[in-house]
Amino acid sequence: MSKAIDYDLKTSAHEVQRLMGQCILRLQVYELLLKSVVTAHEISSPIATLATAQTDRADEIRCNTLGMLIRQMLGSLLVPQGQEGKGQPRNDAPSVTFRMQIILTQDDFNRTEADLRNLVEMRNHLVHHFIEEHDVRTLEGCQKAQEALAQALDDIGRAHSDLRSWAEDLETTRERFTDQFVSAEVQNFFVEGRVPWRRVVIVRALKEAAQALAEDGWAPVDAAVRWVNARYPDERPDDYGCTSWRQVIHESRLFDLQNRTAEGPRQAWFRLRD
């Protein structure tokens, strides 16, 4: 082998090493941001351990692989239209669940899912099989390796750009949530255990039921419960420390409640308080 060819081969091999190093470093940067996003987009914890919930979640995913992180993000953070809000965990103890989601059309979700799975495959290929397919002992092999690595860098860059955009959206949402969270009503919930009734889903559902079923401004409680169960099946009084729907109506102090007896058993009616 001539000195010129030997020099070209060494130069080309060094370029392969440089590009491979860039790929691995950028993948690690991507994984670090992904861990941050997966950690931050959801908190679900009993109230008693809420203060350490975020740290505990970060510890749980610290050693997760790229593939595991992608699976955690799909369907939880990235969700196709029509599946938002599904699969939220429950705790028997009084608990808090906070989840931010990015809703995609089904086509966009399918395309994003395919891109992310391809990213995992590319990462595994680079780490475990790249040298098997590229003979870096030859100039031609080095050139083909450089082309493949340059393409990998472009793919990683696009994936990182998408992830950074999602992370920025989450940060914006988090800031808006924080503005609401600092209200005295919400703080009282965590400090004193008082439910912030004006902000919870079960009260919003009862308001909608009261409006939909109103007769001269009043709605029957039993009918309202059936209406809410059909439209908000995850809502139930015991999640808010109540044993019945009537207790929710009473404890919220947002409704008037009365019992009526007319041509049958006594029945509870309610209306939104002025």
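The protein contains 10 helices and 7 strands. The structure is a predicted model. Of the 274 residues in the protein, 36% are classed as buried. The accessible surface amounts to about 16,700 Å², and carbon and sulfur atoms account for 48% of this area. Contacts within the chain often link distant parts of the sequence: among those between residues at least 6 apart, 63% join residues at least 24 apart.

The interior was examined next. The largest nonpolar core comprises 40 residues. Within this core, the residues with the most contacts are Tyr30, Leu34, Ile70, Met73, Leu78, Leu126 and Leu149. At least two core residues come from each of the elements α1 (3-40), α3 (66-73), β4 (102-104), α4 and α6. The greatest contribution is that of α1, which supplies 11 residues. A second core, separate from the largest one, is formed by 25 residues, among them Val203, Ala209, Val225 and Tyr240.

Tyr30, one of the residues with the most contacts inside the largest core, illustrates how segments remote in sequence are brought into contact. When residues up to four places away in sequence are set aside, Tyr30 touches Leu66, Ile70, Leu116, Leu119, Ala159, His160 and Leu163. One of these partners, His160, is located in helix α6. The relative accessibility of His160 is 18%, and this residue is therefore counted as buried, since the limit for that class is under 20%. With residues up to four places away again excluded, the contacts of His160 are Val29, Tyr30 and Leu33. The pair Tyr30 and His160 thus appears in the contact list of either residue.

Open space in the model was also considered. The second largest pocket encloses about 240 Å³. Two elements, α4 (106-128) and α6 (139-181), each give two or more residues to the lining of this pocket. The lining consists of 13 residues in total, and those nearest the centre of the pocket are Asp115, Asp155, Arg158, Ala159 and Asp162. Classified by type, the lining is made up of 7 nonpolar, 2 polar and 4 charged residues.

Helices α4 and α6 accordingly take part in two of the features described: each supplies at least two residues of the largest nonpolar core, and each contributes two or more residues to the lining of the second largest pocket. Ala159 likewise links the two descriptions, as this residue is among the contacts of Tyr30 and is one of the lining residues nearest the centre of the second largest pocket.

Terms used:
Residues are numbered from 1 along each chain as its sequence is written. This is a predicted model: local features need pLDDT of at least 70, side-chain atom pairs count only at pLDDT 80 or more; totals for chains, interfaces and linings use all residues. Side-chain values use heavy atoms; hydrogens and water are left out. On a 1 Å grid over the protein atoms alone, a cavity is a set of points where a 1.4 Å probe fits but cannot get out, and a pocket is an open set with protein on both sides within 12 Å along at least five of seven lines; lining residues have an atom within 4 Å of a point. Grid points are joined across faces, edges and corners, and a volume is the space filled by probe spheres set on the points. Helices (H or I, at least four residues) and strands (E, at least two) are DSSP runs, numbered from the N terminus. Ala, Val, Leu, Ile, Met, Phe, Trp, Tyr, Cys and Pro count as nonpolar, Asp, Glu, Lys and Arg as charged, and the others, Gly among them, as polar. Buried means under 20% relative accessible area, exposed over 50%, partly exposed in between (1.4 Å probe, protein chains only). Contact means heavy atoms within 4.5 Å. A nonpolar core is a set of buried Ala, Val, Leu, Ile, Met, Phe, Trp, Tyr and Cys residues joined through side-chain atoms within 4.5 Å. Accessible areas come from the Shrake-Rupley method with a 1.4 Å probe; for residues, only the protein chains shown count as cover.
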